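Could you walk me through this model, starting at the ligand site and working outwards? I'd like to know what holds what, and where the odd backbone spots are.

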Amino acid sequence: MGDLRPEEGGGGAVSLPVIDLSLGRDEVSRAVLHAGKDIGFFQVINHGVPGDAIRGMEALCEEYFAMPEEDRMGFYSEDNAKANRFFSGSTYDTGGAKLFLFDCLRLSSPFPIDDDSKNNWPHKPQTLRDVVERFTVPTRAMAMELLRLLCEAMGLPSDYFEGGLGTGNMTMTLNRYPACPDPGTMMGLPPHCDRNLLSLLLPSAVPGLQFSHKGKWTDVVTLPNAYIVNFGLPLEVVTNGVLKSIEHRVVTNPTRTRMSVGVFITPTPNCLIGPAEEFLGEENPARYHAVTFNEFYRLHSIVKHGLSSVLTINRHENIGKEML
Ligand code: OGA
Ligand code: NI
């Protein structure tokens, strides 16, 4: 798999396919599947998430990262089994080298969000819990709608992902990628495929996200107020490769700090992640082993970043995309 890595540079920038969710259902459903199969990343507009929920979230992100560091550090943990924590790029095992420059507040909750879950979130800034809830509820609803649209286009029952595959804890992240005076020396996020089912990302105006497109790292360009959508590995596995989970990374910017907010639809821990029989047949043998989501998550974790193979994840090193 190593030689399938995208080449450095040269990919330029691609404006992601735009899906207007206010158009007719059949049209949107076909467009989601087409964009998903085509380049695996797309952007959605007229998505129904209220503008004030988005602006509130953006303001919260600014406010959270503008607080004195000690206000965030109370929540800091390097234990990646912890569902709610603040952590940073130095958490990755890189053999001592500082390679990744980011800070991330990760929050998790069953859905609907309950008070117990919210009590596990930071209480500073004071508005955090409410703003996060006001943003994630409509964003998650939109993500579930995208999954239903995908199902319809693929000929599956529209609630196909509403069993264990899409009903694990909702996860969300507030990310900050500080400016790096020498971007060649540090990345934001290492190349990876997402381990959840579906990812929605609200980017800021500062570029930095790149995805693997025609063998090259390509800058993602989006419209204002659009969400970026991409498929996680479990969706690739369930569809036996019909939908592809595309590798992406974040590069640092020499002068500007980048922020983003992610919302992730996740399977339940014991849900079996394997090719669904709807995607199997004589011509289509299973291309992946079935394992529980727990195990899947562990197998695909970002592992030791040795100095020689600076930016790799074990998917490429050891496991490979086809796991049979
Ligand atoms: C992620 C991710 C990209 C970004 O959180 O999995 O790819 O731009 N984030 O923050
Ligand atoms: Ni990602």
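Let's start with His 192, which puts a polar side-chain atom 3.0 Å from an oxygen atom of ligand 1. Keep in mind that this is a predicted model. Tyr 177 also brings a polar side-chain atom to an oxygen atom of ligand 1, at 2.7 Å. His 248 joins in too, with a side-chain N or O atom 2.9 Å from an oxygen atom of the ligand. On its own, ligand 1 has 290 Å² of accessible area, and the protein covers 91% of that.

Which strands give two or more residues to the shell around ligand 1? They are S6 (170-177), S7 (187-192), S12 (248-251) and S13 (258-265). S13 makes the largest contribution, with three residues. By residue type, the shell splits into six nonpolar, four polar and two charged. Besides the residues already met, the surroundings of ligand 1 include Asn 175, Leu 189, Asp 194, Leu 201 and Leu 209. Val 250, Arg 258, Ser 260 and Phe 264 are also among the residues around the ligand.

Now for the metal. Ligand 2 is a nickel ion, and its donors are NE2 of His 192, OD of Asp 194 and NE2 of His 248, at 2.0 to 2.1 Å. If you like motifs, the donor spacing in sequence is H-x1-D-x53-H. The two histidines tie together distant parts of the chain: His 192 belongs to strand S7 and His 248 to strand S12, with their positions 56 residues apart. Are these histidines buried or exposed? His 192 counts as buried because its relative accessibility is 11%. His 248 is buried as well, with a relative accessible area of 6%.

Staying with S12 and S13, look at the loop between them, where you'll find Asn 253. Asn 253 has a relative accessibility of 14%, so it counts as buried. Its side chain reaches the backbone nitrogen of Thr 255 at 3.0 Å. Beyond its neighbours within four places in sequence, Asn 253 is in contact with Ala 179, Cys 180, Pro 183, Val 206 and Pro 207.

Time to zoom out. The protein has eight helices and 15 strands. Of its 324 residues, 53% count as buried. Among contacts with a separation of 6 or more, 76% are between residues 24 or more positions apart. The protein exposes about 14300 Å², with carbon and sulfur atoms supplying 50% of that area.

Helix H2 (residues 51-66) gives you both kinds of environment. Arg 55 lies in this helix and is exposed, with a relative accessible area of 53%. Follow the C-alpha atoms and you'll see Arg 55 and Phe 135 at 9.2 Å in space, although they are 80 residues apart in sequence. Leu 60, also found in H2, counts as buried because its relative accessibility is 2%. Leu 60 and Leu 174 are 9.3 Å apart, C-alpha to C-alpha, with 114 residues of separation in sequence. Leaving aside neighbours within four places in sequence, Leu 60 is in contact with Pro 125, Thr 127, Leu 128, Val 131, Val 132 and Leu 174.

That contact with Pro 125 takes us to the backbone geometry. Most residues other than glycine have a negative phi, and most peptide bonds are trans. The peptide bond from Lys 124 to Pro 125, though, is cis, with omega near -10°. Pro 125 sits in the loop between H4 and helix H5 (128-154). Another cis peptide bond runs from Phe 111 to Pro 112, with omega near -5°. You'll find Pro 112 in the loop between strand S5 (103-109) and helix H4 (115-119).

Positive phi values turn up at a couple of asparagines. Asn 225 has phi near 70° and is found in the loop between strand S10 (216-221) and strand S11 (227-231). With a relative accessible area of 53%, Asn 225 is exposed. Asn 240 has phi near 50° and lies in the loop between helix H6 (233-238) and S12. Asn 240 counts as buried, its relative accessibility being 6%.

Methods
Residues numbered from 1 in each chain as written. Chains lettered and ligands numbered in written order. Heavy atoms only, no water. Near = heavy atom within 4 Å. Polar contact = N/O pair within 3.5 Å; in protein donor to acceptor, adjacent residues only side chain to side chain. Areas by Shrake-Rupley, 256 points an atom, 1.4 Å probe, with all protein chains shown as cover. Helix = DSSP H or I, 4+ residues; strand = E, 2+ residues; numbered from the N terminus. Nonpolar A, V, L, I, M, F, W, Y, C, P; charged D, E, K, R; others polar. Donors = N, O, S within 2.8 Å, 3.2 Å for Na, K, Ca; no water. Buried < 20%, exposed > 50% of the residue type's maximum accessible area, 1.4 Å probe, protein only. Contact = heavy atoms within 4.5 Å.
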